Amino acid sequence: TEKNKRPVDAVMQPKQEEALLALTKAYLDVAKELYPTAPEQAASLAMRAVAIAFLTSIPIRLSNLIGLRLDEHLQRSDPALPKITHIRIPASSTKNAREIIARMPPALDAILQQWINIYRPHVADPGCVYLFPGHGTGNSSITPQGMRDAIAKAMHEYVGVRVTPHQFRH
């Protein structure tokens, strides 16, 4: 649709595309600086960076993104190692009833490991299995609106184009 075409075309312009590709590192750099004094604020920035990096590499539906579980969807070739090698989302969890299997790019795995080990513990309640937990919500994920707003705001502020999670799939 035209509604999706406009932001996608805009973000594909050289200056905006360069900004999009730099966003994750920039946000993680700021998160690292903030971490010693404001770990929850750092975690908020890191979550945006990780979600955008994920959607840039593996453009999945918002419901599947926020539904990613550490104990189910993030797969390791060797369960004894922390390296995530691929994601697997069963057909029963997708809108079109088709299983999603995608290789995890090593650069994305490195970013995910940072998120999981450093920042996520500051927003996840004990026992929460979701990659993107809702802050203070027990064992539940961030809401669709919360993730949508976080991504769109980060894209607008850093890239200059408001892009929703849905538009990454285009």
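Arg-69, Asp-71 and Glu-72 are joined in a network of salt bridges, a salt bridge being a side-chain nitrogen of Lys or Arg within 4 Å of a carboxyl oxygen of Asp or Glu. The model is predicted, and local features need pLDDT of at least 70, side-chain atom pairs count only at pLDDT 80 or more, and totals for chains, interfaces and linings use all residues. Residues are numbered from 1 along each chain as its sequence is written, and side-chain values use heavy atoms, with hydrogens and water left out.

Within the network, the closest N and O atoms are 2.8 Å apart for Arg-69 and Asp-71 and 3.4 Å apart for Arg-69 and Glu-72. The charged end of Arg-69 also sits over the ring of Tyr-130, 5.6 Å from its centre (CZ of Arg or NZ of Lys within 6 Å of the ring centre and within 35 degrees of the ring normal). Six salt bridges are found in the whole structure; one of them pairs Glu-99 with Arg-88, at 3.2 Å between the closest N and O atoms.

A search of the whole structure also yields three aromatic pairs, defined for rings of Phe, Tyr and Trp (its six-membered ring) with centres within 6.5 Å, planes under 30 degrees apart counting as stacked, over 60 as edge-to-face and the rest as tilted. The ring centres of Tyr-35 and Tyr-119 are 5.7 Å apart and the planes lie at 90°, so this pair is edge-to-face. Tyr-35 is partly exposed at 29% relative accessible area, whereas Tyr-119 is buried at 3% (buried, under 20%; exposed, over 50%; partly exposed, in between; 1.4 Å probe, protein chains only). For Trp-115 and Phe-132, centres 6.0 Å apart and planes at 35° make the pair tilted; both Trp-115 and Phe-132 are buried.
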